[in-house]
Amino acid sequence: MPIQRPPYNGSTRKLVIAFDVGTTFSGVSYAMLEPGMAPQIFGVTKFPGQEQTGGDSKIQSVVLYDQYGRVSADNGLELAEWFKLHLYPQHPGSRRNTEINELPPLPRNKTAIQVYGDLLKYMFESTKSYIRQHQGMQIWRSFENNIHFVLSHPNGWEGKQQAEMRSAAISTGLVTSESEALERVHFVTEGEASLHFCLTKSPTAVKNNFLISSWVLSGYNGMMVVDCGGGTIDISTYTRSGKKFKEIAPPKCLLQGSVFITRRAHKYFYEFLQGSRFDNQKALEKMVSRFNSYTKLRFSKPSGISYIMFGGSNDNDPNYGIKSGSIKLAGEKIANFFDPSINSIIQAIENQINNSAVPVKVIFLVCGFGTSAYLFSKLEAHFAPRDISVIVSDPYLYVNSGEDRTFDANDYHRNKARNTAMDAKSFQCTIDMIPNTGLAGIKFFHRIVGVPSSGSYPAFAYIKGTEVSEKKTFRRSVKNALTRTSQRLALYSYRGSEAEVPEWWDKSPGMQLYNLDPVSCL
């Protein structure tokens with residue numbers, strides 16, 4: 001059973017609503033915090049217009065718009081789906097080795113953050129209605145002026161994405177101003193939420209598993225949480241530090257979630273059926289839908305054969321393996337849809353293990369794609385020989401629990417893990433020799449290239465792998481040798497994979513400019 005939560009130690013009553021907007025599915029949970037009482041957590045299981053989801057805490061992450069760009073469930077002409085992936089950081093190199101360019105386009109005149117805001121508004125109104133119905137109008141009125149919001153996001157999202165999410169919270173009426181958003185809108189990464197999920201709601205994987213009690217909780221070894229979602233794979237590694245957990249390697253986010261498996265299947269069917277009488281959008285959509293909802297979920301090994309039903313008994317074409325409305329698909333072919341994602345996951349896990357300060361002894365797979373039998377078999381075969389256990393968190397909790405994983409975002413609101421920097425932050429400047437003096441002067445500039453006489457020297461504020469927290473400040477002093485009274489100073493983030501950050505940005509062998517990302521100007 002889940003652990004008993006300590007009493008809320010705040011001085012005022014507070015309602016915390018946590019939104020988990022995923023690539024394919026979304027959910028809401030809320031906690032009523034009463035001073036001196038253990039928090040009670042509830043999941044929203046009823047959404048207006050989607051009564052068929054009754055009893056389930058998840059809804060599809062899709063928004064329909066009419067011809068005027070208004071949200072319309074009845075007369076929607078344009079569908080926004082997978083929009084969350086369009087919010088992924090835009091810095092150069094962030095989308096390499098992914099199929100992000102194949103995402104469904106957004107509706108006309110809509111940005112990803114506008115779609116996000118529209119879904120957020122619907123979920124908030126649903127939560128308000130749910131609380132009024134299940135706890136009563138008086139309860140809602142007693143909390144409505146002191147509501148805090150927790151928004152989850154992938155590990156790879158940064159300050160820019162959080163600022164956009166705050167703006168969405170303002171535009172949709174969750175809060176009324178920027179200052180209010182800074183006070184009452186909080187964020188939790190997928191990795192942190194999944195850590196809390198494993199520790200509090202997965203009794204088989206945590207409470208009854210001796211690996212956790214004897215190894216990880218001792219602080220001498222680490223545990224890795226691999227959140228395998230629809231769009232992103234979020235990988236975080238922790239160890240115990242006193243009563244808290246801390247990251248022991250920079251977190252990682254991959255755009256290799258389960259939707260990309262479906263996209264590969266879509267591409268295969270589209271190309272394979274060229275020239276057949278099933279070369280049409282209707283048949284293609286039915287095949288892909290059946291693959292996504294049935295075949296993909298049950299696939300476990302490449303040695304078998306799958307039959308994907310899409311039509312009736314009169315739909316036959318032996319040249320294309322189609323009989324009685326079903327198309328034959330070899331297991332090896334299905335494995336080809338999975339393997340690019342799985343290989344990326346294995347490589348990212350290996351990098352985490354290599355960068356971790358202590359040995360990793362257990363890997364938790366969470367979220368929908370994490371329950372894949374084929375994914376588990378591949379990871380277990382790869383890591384078991386090194387005495388690293390792979391554990392799948394109970395999938396039942398994800399599908400039917402009213403509290404779901406957003407429950408853990410409420411826990412985050414009280415107790416946040418210490419994090420590790422994902423990249424290096426540095427000031428950019430050049431160092432020139434002052435003629436006839438032998439002394440070095442510092443000249444600041446904004447361009448990455450085009451400085452013929454000298455290299456670009458980084459004065460680092462902090463280095464990749466440094467332990468950071470929301471309250472920790474990093475300072476680095478630099479001296480301007482120029483005579484100007486004012487000077488703008490660029491702050492950059494270096495995202496290269498080298499173990500040591502290059503001393504000279506534009507002189508370092510193999511240096512690639514997409515690893516430099518402007519953060520701000522000081």
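A residue counts as buried when its relative accessible area is under 20%, as exposed when that area is over 50%, and as partly exposed in between, using a 1.4 Å probe and protein chains only. Helices (H or I, at least four residues) and strands (E, at least two) are DSSP runs numbered from the N terminus.

The structure is a predicted model, in which local features need pLDDT of at least 70 and side-chain atom pairs count only at pLDDT 80 or more, while totals for chains, interfaces and linings use all residues. Residues are numbered from 1 along each chain as its sequence is written, and side-chain values use heavy atoms, with hydrogens and water left out.

**Overall architecture**

The protein contains 12 helices and 24 strands. Of its 522 residues, 50% count as buried. With contact meaning heavy atoms within 4.5 Å, residues 24 or more positions apart account for 69% of the contacts with a separation of 6 or more.

**Helix α10 and its surroundings**

Helix α10 spans residues 373–383, and its buried residues are Tyr374, Leu375, Leu379 and Phe383. Viewed down the axis of α10, these buried residues fall within an arc of 145 degrees, so they line one face of the helix; the arc is that of the directions from the helix axis to the C-beta atoms. An α-helix has 3.6 residues a turn, so residues three or four places apart point the same way. The cover over the buried residues of α10 includes β9 (222–228), α9 (331–355), β16 (360–366) and β17 (389–392). At the start of the helix, a side-chain oxygen of Ser372 comes to within 3.4 Å of the backbone nitrogen of Tyr374.

**Val226 in strand β9**

Val226 lies in strand β9 and counts as buried because its relative accessibility is 0%. Leaving aside residues up to four places away in sequence, Val226 touches several residues, including Ile233, Ile345, Ile349, Ile363 and Leu365. The C-alpha atoms of Val226 and Gly191, 35 residues apart along the chain, are separated by 7.5 Å.

**Cysteines**

A disulfide is a pair of cysteine sulfur atoms within 2.5 Å, and a search of the whole structure finds zero disulfides. The sulfur of Cys228 has that of Cys367 as its closest cysteine sulfur, at 7.9 Å, too far for a bond. Cys367 is likewise in no disulfide. The relative accessible areas of three residues discussed here are as follows.

| Residue | Relative accessible area | Status |
|---|---|---|
| Val226 | 0% | buried |
| Cys228 | 0% | buried |
| Cys367 | 17% | buried |

How values were computed: A polar contact is a pair of N or O atoms within 3.5 Å; within protein, one must be able to donate a hydrogen and the other to accept it, and residues adjacent in sequence count only if both atoms are side-chain atoms.
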